[in-house]
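Here's a quick tour of some empty spaces and some helix contacts in one protein. Keep the 3D view open and follow along as you read.

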Amino acid sequence: MRKVIESTLISADGVVGDPQLWAMEYRDAEVEKDALERLGDADALLLGRGTYQVFAATWPGQAGEFADRMNSIRKYVFSASLDEVAWNNSVILRGDAVAEVTRLKQQDGGELALYGHGRLAQDLLEHGLVDELRLSVHPVLVGSGQVLFRDGQKQPLEFAGAKTFGTGVVVLTYHPAAQPG
């Protein structure tokens, strides 16, 4: 069974929204190499509409190994409002995201990389479909914006590791733990 691995950029004060405005100055060669390694076992991305729109506006104009990987990998975009997706190798999936991701997980293939912690990621986590959560905590206080979690179900996590970079970014890795009761 394929695994869903979520990678989310987060500020020290818990903001995940608009990371292109506050996280990019911390993306040096070391951080980019790690991001490429983390994407290495994936053969598809899972993206909500908002994350897709930011990525589709960003990555096609970039160069380098990570950009090449992002531009070539299969992208499943979950949206009820997009009419088309122009970014290379993207397809829109409509309807029940939980059912679609359950189906994708049962297929043969590599990991499914999930970027951003919007409604899609939150729904998948609440339904037990996220196998690993990687939070890249950035040493910046953004002050406002979309925060990591909406009101909802408590989700215990098991610590799986941490990695610190010279820029001050710390990647915390967790596995969702079983819900008590």
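**Pockets, a cavity and helix pairs**

Sorted by class, the residues lining the largest pocket come to 24 nonpolar, 17 polar and nine charged. Keep in mind that you're looking at a predicted model, not an experimental one. Below, we start with that pocket, go on to the cavity, and finish with two pairs of packed helices.

**The largest pocket**

- The largest pocket has a volume of about 1,200 Å³.
- Its lining takes in 50 residues, and the closest to the pocket's centre are Gly50, Thr51, Tyr115, Gly116 and His117.
- Which helix gives the most to the lining of the largest pocket? That's H2, with six residues.
- H2 (49-58) has plenty of company: strands E1 (4-11), E5 (111-115) and E6 (132-138), along with helices H1 (29-39), H3 (65-72) and H5, each supply at least two lining residues too.

**The largest cavity**

- If you go looking for cavities of 30 Å³ or more, you'll find one in this structure.
- The largest cavity holds about 40 Å³ of space.
- Around the largest cavity you'll find Ile5, Ser7, Arg38, Leu39, Ala42, Glu111, Ala113, Tyr115 and Arg134.
- Three elements, E1, H1 and E5, give two or more residues each to that lining.
- E5 gives the most to the cavity lining, with three residues.
- By class, the cavity lining splits into five nonpolar, one polar and three charged residues.
- Tyr115 is worth clicking on: it is listed among the residues closest to the centre of the largest pocket, and Tyr115 also lines the largest cavity.

**Helices H4 and H5**

- To describe two packed helices, you give the angle between their axes and the distance between the axes.
- For H4 (residues 97-106) and H5 (residues 119-126), the angle is about 70° and the axes are 10 Å apart.
- That angle makes H4 roughly perpendicular to H5, because angles of 65 to 115 degrees count as roughly perpendicular.
- H4 goes past H5 in a right-handed crossing.
- On the H4 side, Ala97, Val98 and Val101 do the touching, and they meet Leu120, Asp123 and Leu124 of H5.
- Five of the residues in this contact are nonpolar, none are polar and one is charged.

**Helices H1 and H3**

- H1 and H3 pack at an angle of about 35°, and their axes lie 9 Å apart.
- Is the crossing of H1 past H3 left-handed or right-handed? The crossing is left-handed.
- H1 brings Glu32, Ala35, Leu36 and Leu39 to the contact, while H3 brings Glu65, Phe66, Arg69 and Met70.
- The contact of H1 with H3 has five nonpolar, no polar and three charged residues.
- Leu39 links two of our topics: Leu39 of H1 takes part in the contact with H3, and Leu39 also lines the largest cavity.

Conventions: Residues numbered from 1 in each chain as written. Predicted model: local features only at pLDDT ≥ 70, side-chain atom pairs only at ≥ 80, totals over all residues. Heavy atoms only, no water. Axes fitted to C-alpha atoms, helices over the stretch in contact; angles between N-to-C directions. Helix = DSSP H or I, 4+ residues; strand = E, 2+ residues; numbered from the N terminus. Parallel < 35°, antiparallel > 145°, perpendicular 65-115°, else oblique. Left-handed = near helix turned anticlockwise from the far one by under 90°. Contact = heavy atoms within 4.5 Å. Nonpolar A, V, L, I, M, F, W, Y, C, P; charged D, E, K, R; others polar. 1 Å grid on protein atoms, 1.4 Å probe; cavity = no way out; pocket = protein on both sides within 12 Å on 5 of 7 lines; lining within 4 Å. Points joined across faces, edges and corners; volume = space filled by probe spheres on them.
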